[in-house]
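Visitor: I would like to understand how this protein chain is put together. Could you show me the model and take my questions in turn?

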Amino acid sequence: MSLILENKVLAPSIHEFLMEAPEIARKAEPGQFVVLRINEKGERIPLTIADYDRGEGTVTIVFQEVGKTTGQLGQLKAGDKISNLIGPLGRPSPLIEGGTVVCIGGGLGIAPIYPIAASLKAKGNRVISIIGARNRELLIWEERMRKVSAELRITTDDGSSGRQGFVSDELRDLMDKGNKIDLVFAIGPVVMMRAVCEVTRPGKLRTLVSLNPIMVDATGMCGCCRVSVGKETKFACVDGPDFDGHKVNFEELIARQRIYLKEEKIAVERCSRRAE
C-alpha cells in the first residue's frame, strides 16, 4: 500500500500527487517512471516520476484524467492509499555536463521534463527550457521550470500566454539565431515530439524523446510497449523510456497508441454508469 500525502489540482483534470514512497525516492533518477495500481482488480498504469525527495521519502507524479483509471485516481484524496506503486523503472535519462541543453515540455510533459532540467543545471549545463500548452489554463509548473532554467520560453496554441504557436516554433527560432546547442530533450504528446525531431533532424542535433506507449508488466516480458527505433525493436519499459528521436518510427507509435481507443471509451462509459 502507498499513501497519498497530497492531491493538488494544477489545472482542469490535471492532478499532482505527493506519494509516500521512501524506497522509490531513495533510488529514483531523472527520466524513470513508476507503475501504479489503485486496487487489486485495477489496471496497471505507468507514470513518469516528476520529482522526488530522498530525505522526505516522497515522489511526485502528475497525471491527467483521460480514461477510466486516471479518472478514478483523480477522485482520491490525501490520506487515501493505493494498492501498488512500483519503481523506479526504466533507464535514467543520459545527462551531459558543461553544455547547452534545450529541455522541451509539452502539456503534461512539462512535469517529467522538470527533474531532467534540474539535474542538467546541477551538472553545470546551461538549460534553455521551452514549455507549451493549448492555453494558459493548462500551463503547469511554470515557476518550477523558471527556477531551473537559464532561459524559459513559453508557447500556447491560442496565445493566451507567451508566444502563440508551438514549442517546435520556438526551438526553430533558437536554432535559426545560431545558438550553440549540444542536446535537446523533448517530452509531451507524440505529435509534438515528432515535430521537434523534424526541426532538429536537418542539423543532426542530438534529440532524445521519452516514450510512454501502452504498457502492462513494465519488465520487458509482455512486449506491449515495443517501439521501432532504427531497425530494431525496443521495449520502452527496459530499454527506455528515452530514445534517439531521429530513429523512432513515430507513425507506427501513433497507430499503436490508438489500438484500444474503442475499449477505453467503453470502460469510461461503464465506470460513469456505475457512479450514477
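Guide: Let us begin with a definition that we shall need for the cysteines: a disulfide is counted here when two cysteine sulfur atoms lie within 2.5 Å. Please keep in mind that the model in front of you is predicted.

Visitor: How far is the sulfur of Cys237 from the closest cysteine sulfur?

Guide: The closest cysteine sulfur to that of Cys237 belongs to Cys225. A disulfide needs the pair to be within 2.5 Å, and these two sulfurs are too far apart for a bond, because the distance is 3.6 Å.

Visitor: Is Cys237 buried or exposed?

Guide: A residue counts as buried when its relative accessible area is under 20%. Cys237 has a relative accessibility of 2%, so Cys237 is buried.

Visitor: Which cysteine has the sulfur nearest to that of Cys197?

Guide: By the cut-off of 2.5 Å, the count of disulfides comes to 0. Cys197 is accordingly in no disulfide, and the nearest cysteine sulfur, 14 Å away, is that of Cys103.

Visitor: Which residue stands opposite Cys103 in strand 12?

Guide: Strand 8, with residues 100-106, pairs with strand 12, residues 183-187, in the parallel sense over 5 bridges. Opposite Cys103, on strand 12, stands Phe185.

Visitor: Which helix packs on the sheet and touches strand 8, strand 9, strand 10, strand 11 and strand 12?

Guide: Helix 3, residues 110-122, lies across strand 8, strand 9 and strand 12, and runs at about 165 degrees to strand 8. The helix you ask about covers residues 167-176, and its direction makes about 150 degrees with that of strand 9; this is helix 5.

Visitor: Which are the edge strands of the sheet?

Guide: The sheet is open, with 7 strands in the order 11-10-9-8-12-13-16 and mixed pairing. An edge strand pairs on one side only, and this holds for strand 11 (163-164) and strand 16 (242-244).

Visitor: What is the radius of gyration of the chain?

Guide: The chain contains 9 helices and 16 strands, and its C-alpha trace spans about 55 × 40 × 35 Å along the principal axes. For 276 residues the globule rule gives 19 Å, and the chain comes close to this, so it is as compact as a globular protein of that length; its radius of gyration is 18 Å.

Visitor: What percentage of the residues of the chain count as buried?

Guide: The test is again a relative accessible area under 20%. Of the 276 residues, the part that counts as buried is 47%.

Notes
Residues numbered from 1 in each chain as written. Predicted model: local features only at pLDDT ≥ 70, side-chain atom pairs only at ≥ 80, totals over all residues. Heavy atoms only, no water. Pairing = 2+ DSSP bridges. Helix = DSSP H or I, 4+ residues; strand = E, 2+ residues; numbered from the N terminus. Contact = heavy atoms within 4.5 Å. Axes fitted to C-alpha atoms, helices over the stretch in contact; angles between N-to-C directions. Rg over C-alpha atoms; globule rule 2.2 N^0.38 Å. Buried < 20%, exposed > 50% of the residue type's maximum accessible area, 1.4 Å probe, protein only.
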